[in-house]
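Student: Could you take me through one part of this model up close? I'd like to start with a single helix and see what surrounds it.

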Amino acid sequence: MALDAKILKTFPSVDETAVDALLQAEIAKNQKKIVVLDDDPTGVQTVHDISVYTNWTKPAIEQAFAESNNLFYILTNSRGFTAEQTTAAHEEIAAAVDSVAKSTGKDYLYISRSDSTLRGHYPLETILLKKAYEANTGRTIDGEVMCPFFKEGGRFTIDDVHYVQDGDQLIPAAETEFAKDKTFGYTKSDIKEYIEEKTQGAFKAAHVISISLDDLRACRYDAIEAQLMSVSDFNKIVMNAIDYCDVKVFCVALFRAMAKGKNFMFRSAAALVKVMGGVSDQPLLTRKDMVVQETTNGGVIVVGSHTEKTTKQVEYLRGHPAIDFVELDATLVKDDAAFTKEVNRCLAAEEAIIQSGRTACVFTTRQLITADTGDKEDDLRLAVKISDAVQSLVGRLSVVPSFVIAKGGITSSDVGTKALAVQRANVLGQIEPGIPVWQTGDESKFPLTPYVIFPGNVGGIETLRDAAEKLMA
């Protein structure tokens with residue numbers, strides 16, 4: 001049942017300054033490197049001045065461990081992988097991380113950052129990380145914390161039910177378009193029931209531990225710590241949260257439990273990473289913050305996501321007088337020759353627009369293309385083929401755009417790793433709430449070009465246009 005969003009204002013406030021002081025003291029005592037495995041590039045949507053690595057070679061992990069920051073991201077892009085591919089990737093990452101940790105003498109923990117609307121390879125990814133961590137360190141992972149809260153995207157968990165804000169309504173997650181995902185769909189909005197559904201009954205809803213908003217708002221650190229200390233056998237902990245203060249109170253108790261020897265796995269959206277890493281707030285980025293080299297060329301916006309929200313944002317963008325639109329006919333994807341010809345047509349049109357000083361918006365046909373085989377992984381492979389075509393419209397550019405915006409999780413990952421060939425990026429911050437900006441490295445196709453990673457499920461109808469306008473000269 002939907003809730004009125006006014007409910008978010010009905011909970012008692014906390015003395016956040018006092019909470020922050022306690023949290024910073026606990027963070028300072030934590031010696032573990034926080035390794036965030038991100039299943040698409042949108043997970044850096046709450047942080048700034050943090051590194052994200054697009055590969056997991058040993059030299060990359062060594063560089064990450066040598067940083068003074070207590071956390072770093074590894075972009076796995078596993079939401080675009082098959083189960084077999086994500087298994088291979090997670091096993092490789094776990095081996096590389098543990099090897100570097102042993103050679104540097106540093107301890108570590110994993111956060112599996114995934115979608116705030118509950119899509120992704122769960123529970124597969126955290127099971128893989130648990131098995132590898134336990135085998136490599138000899139320690140037991142006692143429990144798994146589930147925290148899909150993400151304020152910037154309007155994702156809130158109340159009484160264990162996860163909601164997606166739509167205007168003045170909070171819609172149970174299972175009643176949204178995201179729950180109908182062809183690959184990662186689900187039917188339960190109560191996170192305890194979601195866990196039982198996704199683990200096929202291995203973990204029962206009745207046994208999942210719930211951290212209540214009542215305890216969080218009353219700052220009952222000892223009670224929450226006691227709940228965490230009671231966890232064993234990889235049982236699950238659901239964290240209710242409607243604001244950052246809830247996550248902060250939880251993390252004070254969490255760090256205290258970890259200091260007493262408890263080990264946890266984390267499956268979370270972006271908010272928990274920010275709080276555990278002690279990342280400060282900063283204002284939204286301005287053009288001056290993002291653009292370090294001026295050019296007379298226009299920018300490029302590539303849109304792969306076909307969520308209803310994205311489609312509305314693209315339609316609103318159409319009214320901008322300095323943006324020209326190129327539609328890639330994705331319905332041709334099953335005909336290799338026709339699809340190749342279509343991609344080449346779009347590339348030529350796009351380059352002409354950028355060279356003229358205008359911004360090109362390249363978007364795919366606004367409908368979901370399916371393989372019609374009944375196999376979810378066939379649908380995923382088809383989506384990857386379309387995304388490969390979309391990223392090539394950046395990767396094959398012979399002109400340097402003034403900026404790049406990619407819309408959609410798989411699309412933005414492919415543009416960042418394949419088209420722009422980024423090995424390590426610095427997260428500058430956010431251009432709009434929940435919308436991160438990378439500064440590309442010297443090794444990339446377009447060095448120091450601002451790259452905006454725009455999730456398919458974030459923002460209002462006007463947000464894509466607002467972001468583009470910020471970057472346009």
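**A close look at helix α2**

Tutor: Happy to! In this predicted model, helix α2 covers residues 58–66, and its buried residues are Ala-60, Ile-61, Ala-64 and Phe-65. Viewed down the axis of α2, these buried residues fall within an arc of 135°, so they line one face of the helix. The general geometry helps here: an α-helix has 3.6 residues a turn, so residues three or four places apart point the same way. On the other side of α2 you will find Pro-59 and Ala-66, which are exposed.

What lies over the buried face? The cover on the buried residues of α2 includes the strands β2 (33–38), β3 (50–53), β4 (71–75) and β5 (108–113), along with helix α3 (83–104).

Let's follow α3 onward, since it has a helical partner too. The axes of α3 and helix α4 (residues 124–137) come within 9 Å and cross at roughly 30°. With angles under 35 degrees counted as roughly parallel, α3 and α4 are therefore roughly parallel to each other. Their crossing is right-handed. On the α3 side, the contact is made by Ala-83, Thr-86, Thr-87, His-90, Glu-91, Ala-94, Asp-98 and Lys-102. These meet Leu-124, Glu-125, Leu-128, Leu-129, Ala-132, Asn-136 and Thr-137 in α4. By residue type, this contact of α3 with α4 divides into 6 nonpolar, 5 polar and 4 charged.

For a second helix pair, turn to α13 (residues 376–395) and α14 (residues 409–419), whose axes come within 9 Å and cross at roughly 45°. That angle makes α13 oblique to α14. The crossing of this pair is right-handed. Ser-387, Asp-388, Val-390, Gln-391, Val-394 and Gly-395 in α13 touch Ile-410, Thr-411, Asp-414, Val-415, Lys-418 and Ala-419 in α14. The residues of the α13 and α14 contact comprise 5 nonpolar, 4 polar and 3 charged.

One last stop is a single residue in a strand: His-162 lies in β8 (residues 161–166). Its relative accessible area is 0%, so His-162 is buried. Leaving out residues up to four places away in sequence, the residues that His-162 touches include Ser-116, Leu-118, Pro-148, Phe-149, Arg-155, Ile-171 and Ile-191. Also, the C-alpha atoms of His-162 and Asp-190 are separated by 6.2 Å, although these two residues are 28 residues apart along the chain.

Note on methods: Residues are numbered from 1 along each chain as its sequence is written. This is a predicted model: local features need pLDDT of at least 70, side-chain atom pairs count only at pLDDT 80 or more; totals for chains, interfaces and linings use all residues. Side-chain values use heavy atoms; hydrogens and water are left out. Axes are lines fitted to C-alpha atoms, for helices over the stretch in contact, and angles run from 0 to 180 degrees between N-to-C directions. Helices (H or I, at least four residues) and strands (E, at least two) are DSSP runs, numbered from the N terminus. Angles under 35 degrees count as roughly parallel, over 145 as roughly antiparallel, 65 to 115 as roughly perpendicular and the rest as oblique. A crossing is left-handed if the near helix is turned anticlockwise from the far one by less than a right angle, and right-handed if clockwise. Contact means heavy atoms within 4.5 Å. Ala, Val, Leu, Ile, Met, Phe, Trp, Tyr, Cys and Pro count as nonpolar, Asp, Glu, Lys and Arg as charged, and the others, Gly among them, as polar. Buried means under 20% relative accessible area, exposed over 50%, partly exposed in between (1.4 Å probe, protein chains only). The arc is that of the directions from the helix axis to the C-beta atoms.
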